[in-house]
Amino acid sequence: MRLAAAVAAESTDLVGLGRAPRVALLDVEDGVVTGQEVVETQWDVLHGDHGHAHGHEHAASEHGHHNHPGEGAHHARIVTFLRDNKVEAVMAAHAGPPMVNTLSKMGLPFLTGQGDAAQLAAEAARIVSEG
């Protein structure tokens, strides 16, 4: 099973999906990580490409989400990455409801957690395979 894990810039600790600077692609077979590749995505930088200064975080808190005009393009970038890399499940520290909905529509299980992606991958694959 191929998992995509949103990871930090300096480690493979899980971070939020939409602003992940990197994604670890982990191949898991029979409960063992058999392959790992970390890809620079710069979603942390690209998330801000909609001309909205993120200094105005009150808009997110007032409405409970951050639905910016560029969010559709950002989600499309993530979807393309997941499809191109034949991802079967996604792990992150968190993701917003619109992104979780997008993953659901793609048929991709989404697992949240804290810690090192490689250490969590085998358990995540087991959870996904057991349904």
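Asp-30 sits in the loop that connects β2 with β3 (32-40). The model described here is a predicted one. Phi of Asp-30 is near 50°, a positive value, and the residue is not a glycine. Most residues other than glycine have a negative phi. With a relative accessibility of 83%, Asp-30 counts as exposed.

A second residue can be set beside it. Lys-86, also not a glycine, has a positive phi of about 55°. Lys-86 belongs to the loop between α3 and β4. Its relative accessibility is 65%, and because the cut-off for exposed is over 50%, Lys-86 counts as exposed.

The loop that holds Lys-86 leads to β4, and this strand is a good place to continue. Three bridges join β4 to β1, and the two strands run parallel. In this pairing Leu-3 stands opposite Ala-89 of β4. Three bridges also join β4 to strand β5 (residues 110-112), again in parallel. Here Val-90 stands opposite Phe-110 of β5. Between β4 and β5 the chain passes through α4, and this β-α-β crossover is right-handed.

Both faces of β4 are covered. In a regular strand the side chains alternate between the two faces of the sheet. In β4, Ala-89 and Met-91 lie on one side, Val-90 and Ala-92 lie on the other, and all four are buried.

Val-90 also leads into the interior. Apart from its neighbours within four places in sequence, Val-90 is in contact with Ala-4, Leu-17, Leu-82, Leu-103, Leu-108, Pro-109, Phe-110 and Leu-111. The largest nonpolar core has 17 residues, and Val-90 is among those with the most contacts inside it, together with Leu-17, Leu-25, Trp-43, Phe-81, Leu-82 and Leu-103. At least two residues of this core come from each of β1, β2, α3 (71-84), β4 (89-92) and α4. The largest share, three residues, is supplied by α3. Another core, of 16 residues, lies apart from this one, and its members include Ala-24, Leu-26, Val-28 and Met-91. In β4, then, Val-90 is a residue of the largest core, while Met-91 is a residue of the other core.

Helix α4 covers residues 97-105, and Thr-102 is found in it. How buried or exposed is Thr-102? Its relative accessible area is 19%, and because buried means under 20%, Thr-102 counts as buried. Leaving aside neighbours within four places in sequence, the contacts of Thr-102 are His-75 and Val-79.

The charged side chains come next. How many salt bridges does the structure hold? There are three. One of them joins the side chains of Asp-27 and Arg-2, at 2.9 Å from N to O. This pair links distant parts of the chain: Asp-27 lies in strand β2 (residues 22-29) and Arg-2 in strand β1 (residues 2-7), 25 residues apart. Asp-27 is partly exposed, with a relative accessible area of 23%. Arg-2, at 18% relative accessibility, counts as buried. The two partners fall into separate classes because the limit for buried is under 20%, with Arg-2 at 18% and Asp-27 at 23%.

Arg-126 forms a salt bridge with Glu-123, with the closest N and O atoms 2.4 Å apart. These two residues are three places apart in helix α5 (residues 117-129), so about one helical turn separates them. Arg-126 also forms a salt bridge with Glu-130, and here the closest N and O atoms are 2.7 Å apart. Glu-123, Arg-126 and Glu-130 are thereby linked in a network of salt bridges.

Where do the members of this network stand in accessibility? Arg-126 is partly exposed, at 37% relative accessibility. Glu-123 is likewise partly exposed, at 39%. Glu-130 is exposed, with a relative accessible area of 59%.

Terms used
Residues numbered from 1 in each chain as written. Predicted model: local features only at pLDDT ≥ 70, side-chain atom pairs only at ≥ 80, totals over all residues. Heavy atoms only, no water. Buried < 20%, exposed > 50% of the residue type's maximum accessible area, 1.4 Å probe, protein only. Contact = heavy atoms within 4.5 Å. Salt bridge = Lys/Arg side-chain N within 4 Å of Asp/Glu carboxyl O. Core = buried A, V, L, I, M, F, W, Y, C linked by side-chain atoms within 4.5 Å. Pairing = 2+ DSSP bridges. Right-handed = clockwise from strand over helix to strand, strands pointing away.
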